[in-house]
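This briefing concerns a single protein chain. Please inspect the sequence and the model below before reading the notes.

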Amino acid sequence: MGYLVCQKSKCQQTYPIKDFSKDSRDVACEKCGGVLIDKDGRANMSQNATVIPVITAEELEVQRLEKIKRKHKELAALEREIQVLEDDEEN
């Protein structure tokens, strides 16, 4: 199924193509009021209903904290490895 996509970059709401005719012109997005189909009949289209996933600031913070936690674990493993190598070198 194909979809029309709102042309406003911060919205990108999708609508099934079957809801519009080839003669549809000057159609506004119901969500934000942006352009869905312009006065010349041009529209952005996609095969995917979720064109651009929306990522919130909270999700970014969670990802950042998870990355920090993962990096701390990697650092601890490297420090243990260095200690083992230094101990072997002394013996």
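The notes that follow cover the overall fold, the charged side chains and selected loop residues.

The model is predicted: local features require pLDDT of at least 70, side-chain atom pairs count only at pLDDT 80 or more, and totals for chains, interfaces and linings use all residues. Residues are numbered from 1 along each chain as its sequence is written, and side-chain values use heavy atoms, with hydrogens and water left out.

**Overall fold**

- The protein contains one helix and five strands, where helices (H or I, at least four residues) and strands (E, at least two) are DSSP runs numbered from the N terminus.
- In sequence order, the elements of the protein follow the pattern β-β-β-β-β-α.
- The protein is more spread out than a compact globule, because its radius of gyration is 25 Å, well over the 12 Å that the globule rule gives for 91 residues. The radius is taken over C-alpha atoms, and the rule is 2.2 Å times the number of residues to the power 0.38.
- The C-alpha trace of the protein spans about 85 × 25 × 20 Å along its principal axes.
- Of the 91 residues in the protein, 18% are buried. Buried means under 20% relative accessible area, exposed over 50%, and partly exposed in between (1.4 Å probe, protein chains only).

**Salt bridges**

- Side chains of opposite charge can pair when their charged atoms come close.
- The count comes to five salt bridges, each defined as a side-chain nitrogen of Lys or Arg within 4 Å of a carboxyl oxygen of Asp or Glu.
- A network of salt bridges links Asp38, Asp40 and Arg42.
- Within this network, the closest N and O atoms are 3.0 Å apart for Asp38 and Arg42, and 3.2 Å apart for Arg42 and Asp40.
- The three residues of the network vary in accessibility: Asp38 is buried at 15%, Asp40 is partly exposed at 46%, and Arg42 is exposed at 52%.
- Lys18 pairs with Asp19 in a salt bridge whose closest N and O atoms are 3.9 Å apart. Lys18 itself is exposed, with a relative accessible area of 63%.

**Negative surface patch**

- Glu86, Asp87, Asp88, Glu89 and Glu90 gather in a patch of negative charge on the surface. Patches of this kind join like charges within 9 Å, using residues with over 30% relative accessible area and no salt bridge.
- Asp and Glu count as negative, while His and the chain ends are not counted; the place of a charge is CG for Asp and CD for Glu.
- Asp87 belongs to helix α1, residues 57–90, and counts as partly exposed at 31% relative accessibility.

**Loop residues**

- Most residues other than glycine have a negative phi.
- Gln12 is not a glycine, yet has a positive phi of about 55°. Gln12 sits in the loop between β1 and β2 and counts as buried at 17% relative accessibility.
- Asp26 likewise has a positive phi, of about 50°, although it is not a glycine. Asp26 is placed in the loop between β2 and β3 (27–28), and at 62% relative accessibility counts as exposed.
- Lys8 also occupies the loop between β1 (3–5) and β2 (14–16), and is partly exposed with a relative accessible area of 45%.
- The C-alpha atoms of Lys8 and Cys29 are separated by 9.0 Å, with the two residues 21 residues apart along the chain.

Conventions
Patches are made of residues with over 30% relative accessible area and no salt bridge: like charges are joined within 9 Å, nonpolar side chains (Val, Leu, Ile, Met, Phe, Trp, Tyr) within 5 Å. Accessible areas come from the Shrake-Rupley method with a 1.4 Å probe; for residues, only the protein chains shown count as cover.
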